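Here is a short briefing on one protein chain. It covers the overall make-up, the nonpolar cores and a surface patch.

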Amino acid sequence: MHRFTKKAKKIMLTFIFTSIIICMILVMNFSWVSGIAGHTFTNNYYTVYINGKKAGNSLSYKSIQKAIKEARKRINDESTSLQFVDADIDIKKSKKAFGKTDSVSKLSSSIYDAFELSVNDTKQKAYVVDIDGYIITLNSLADVEYLFNAVKNKYDDSEDFSTNLHLDDIGGHTTITCSISKAGISSVKFPTVMASGVNSDDENSENSSENGTDTLSGADGSKDVKFGEKVEIIPCYVEPSQINELNSAINMVSSDDKAAELSVVVTEKQTYDVEYSVPVEYVYNDNLYNTKQNVLNEGSAGVKTIVANVTYKNGKETNRDILQETITKQAEARVIEVGTAVPPTFIKPINGGTLSSTFGARWGTVHKGVDWACSIGTNVMASCDGTVIQAGWMNGYGYCVTLKHSDGKCTRYGHLSEVLVSEGQSVSQSDIIALSGNTGNSTGPHVHFEIIEDGVQVNPFTYLN
């Protein structure tokens with residue numbers, strides 16, 4: 001009987017020990033076994049640290065996030081402006097066979113205490129203006145709109161257009177864009193706040209924008225105004241020192257002494273008159289030498305009425321798109337008669353000889369030809385094809401021959417010893433028409449040669465080949 005009792009006790013102890021081991025294994029491997037007086041057995045055990053110091057524990061990551069959010073809200077609710085917390089938050093996950101957890105409210109309170117020690121200086125709400133990557137920061141939406149109007153009004157003197165801000169909320173991210181519309185057209189509205197340093201008589205006025213468009217044209221479609229760059233306004237909180245002064249910001253984006261960061265593009269429909277001309281017309285005349293031209297008609301300019309869209313960027317024209325052309329006065333072509341005939345050529349009237357006197361002033365008078373000294377009886381040739389219009393004695397020229405040529409010029413040969421042609425006779429270039437001599441007013445044997453154009457002697461060397 002004693003042996004049986006001792007053996008039964010040993011079996012009982014073995015059963016209890018085995019049960020404890022089995023329970024411990026179950027606790028370590030199954031997270032759904034939980035909940036004994038604020039303690040737990042789980043794989044998902046989170047501990048939150050603020051700036052390296054433990055703030056509490058939780059089974060739920062979402063609960064920790066909620067506690068952090070409540071702590072931040074409490075910090076900001078206790079201040080008149082946004083407070084920034086410069087805190088290092090570290091949430092660590094671990095496996096715990098046995099650990100204590102905190103409620104959300106207790107965890108939030110503990111996190112709040114840690115946050116209070118990490119609050120930075122107060123930051124101010126402001127608006128970042130992003131102009132295609134060029135950034136300025138302004139104090140208020142009123143300052144933002146005042147800046148846009150100041151830039152626009154440089155190229156919209158009559159203020160036919162107005163700038164408008166409209167709000168976009170995409171996935172909880174708030175941005176504001178700016179458009180330009182015809183004055184009086186509105187859509188999304190913002191309460192007006194006076195711009196820094198700007199007086200306003202209408203504190204209840206409203207700013208407006210045109211939905212989703214960059215620009216609206218005038219009622220007659222004659223004018224468009226828009227900004228040349230993409231503009232985005234983003235609400236933010238910054239140090240007061242980071243906010244740009246309004247007038248300085250206007251100069252930064254629209255200064256005349258540099259390329260403007262924010263440009264204004266104006267497109268206007270313009271109607272204007274321009275003169276135009278047509279190509280010159282040429283009339284060819286085979287009976288006129290190619291050295292001659294005659295204007296048969298002076299012609300006149302015509303007039304076109306042009307309708308065009310003219311685009312200016314910051315007041316400088318960048319494009320002109322012609323929409324319509326209407327001729328209101330026909331142009332008249334200038335008409336020119338052009339000769340095609342080859343003019344005659346002139347040669348020296350003798351072979352050899354010595355140039356003894358040139359054309360021009362001589363002995364107080366004007367020598368009207370060219371002299372070549374040569375022996376009496378030297379052959380004198382026709383300088384060009386022509387007709388004999390004078391042959392014989394001619395006062396101071398002595399014996400003389402005069403030829404008329406097809407281009408209207410005449411040649412004269414003087415102081416001859418013998419004339420070999422007669423009036424009315426046709427001669428060819430190089431034909432012998434006389435022999436040289438020393439007759440008339442002559443100081444020695446020579447040939448006197450003249451070329452006469454329009455009844456006036458000209459320098460023969462101008463035409464001689």
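**Briefing**

At 49% relative accessibility, M12 counts as partly exposed, because that class lies between buried (under 20% relative accessible area) and exposed (over 50%), with a 1.4 Å probe and protein chains only. The model is predicted: local features need pLDDT of at least 70, side-chain atom pairs count only at pLDDT 80 or more, and totals for chains, interfaces and linings use all residues. Residues are numbered from 1 along each chain as its sequence is written, and side-chain values use heavy atoms, leaving out hydrogens and water.

**Surface patch**
- M12 sits in helix α1, residues 2–29 (helices are DSSP runs of H or I, at least four residues; strands are runs of E, at least two; both are numbered from the N terminus).
- With I16 and I20, M12 forms a nonpolar surface patch of about 280 Å² accessible area together.
- Patch members have over 30% relative accessible area and no salt bridge (a side-chain nitrogen of Lys or Arg within 4 Å of a carboxyl oxygen of Asp or Glu); nonpolar side chains (Val, Leu, Ile, Met, Phe, Trp, Tyr) are joined within 5 Å, like charges within 9 Å.
- Areas come from the Shrake-Rupley method with a 1.4 Å probe; for residues, only the protein chains shown count as cover.

**Cores**
- The largest nonpolar core has 26 residues (buried Ala, Val, Leu, Ile, Met, Phe, Trp, Tyr and Cys joined through side-chain atoms within 4.5 Å).
- Helix α4, residues 141–153, gives the most to this core, with 5 residues.
- Another core, of 22 residues, lies apart from it and includes F449 and L464.

**Whole chain**
- The chain has 5 helices and 29 strands.
- Of its 465 residues, 35% count as buried.
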